[in-house]
Amino acid sequence: MDVADGAGVFWRWWTAFTTSAVGSAVGAVALPLTALTALDATPFEMGLIAAANYVAWIVIGLPAGVIVQRLPLRGT
C-alpha cells in the first residue's frame, strides 16, 4: 500500500465519521424540538424522550459488549 492510498483511506474514514457525528448531533436536537413544537409534549414526555437515548445504549450496547468480549481474540 502506498502512502497516498493510506491518506485516501483516512480522509474517507474521517468524512464518514464527521458526517455521522453531525447527523447524530442534529438528531439529538431536532427530535426533542419537534416533540415540543409539533406535539406539544409535556415536561414528563420530554424527559422520556431524553431517557430513551440512554435506554437504547443499555439494552443494546451492554449486552453486545459482553458478547464481543467472550469471543476469541483475532490473531495478529
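Guide: Accessible areas come from the Shrake-Rupley method with a 1.4 Å probe, and for residues only the protein chains shown count as cover. On that basis the protein exposes about 6,700 Å², with 73% supplied by carbon and sulfur atoms. This is a predicted model: local features need pLDDT of at least 70, side-chain atom pairs count only at pLDDT 80 or more, and totals for chains, interfaces and linings use all residues. Residues are numbered from 1 along each chain as its sequence is written, and side-chain values use heavy atoms, without hydrogens and water.

Visitor: Why is the protein called more spread out than a compact globule?

Guide: It has 2 helices and 0 strands, counted as DSSP runs (helices H or I, at least four residues; strands E, at least two) numbered from the N terminus. The radius of gyration, taken over C-alpha atoms, is set against a globule rule of 2.2 Å times the number of residues to the power 0.38. The value is 19 Å, and the rule gives 11 Å for 76 residues, so the protein is more spread out than a compact globule.

Visitor: What makes Trp57 count as exposed?

Guide: Exposed means over 50% relative accessible area, buried under 20%, partly exposed in between (1.4 Å probe, protein chains only). Trp57 has 53%, so it counts as exposed. Trp57 lies in helix α2, residues 43-70.

Visitor: Is Ile60 buried or exposed?

Guide: Ile60 is exposed, at 59%. Ile60 also lies in helix α2.

Visitor: How many of the 76 residues count as buried?

Guide: The share is 3%.
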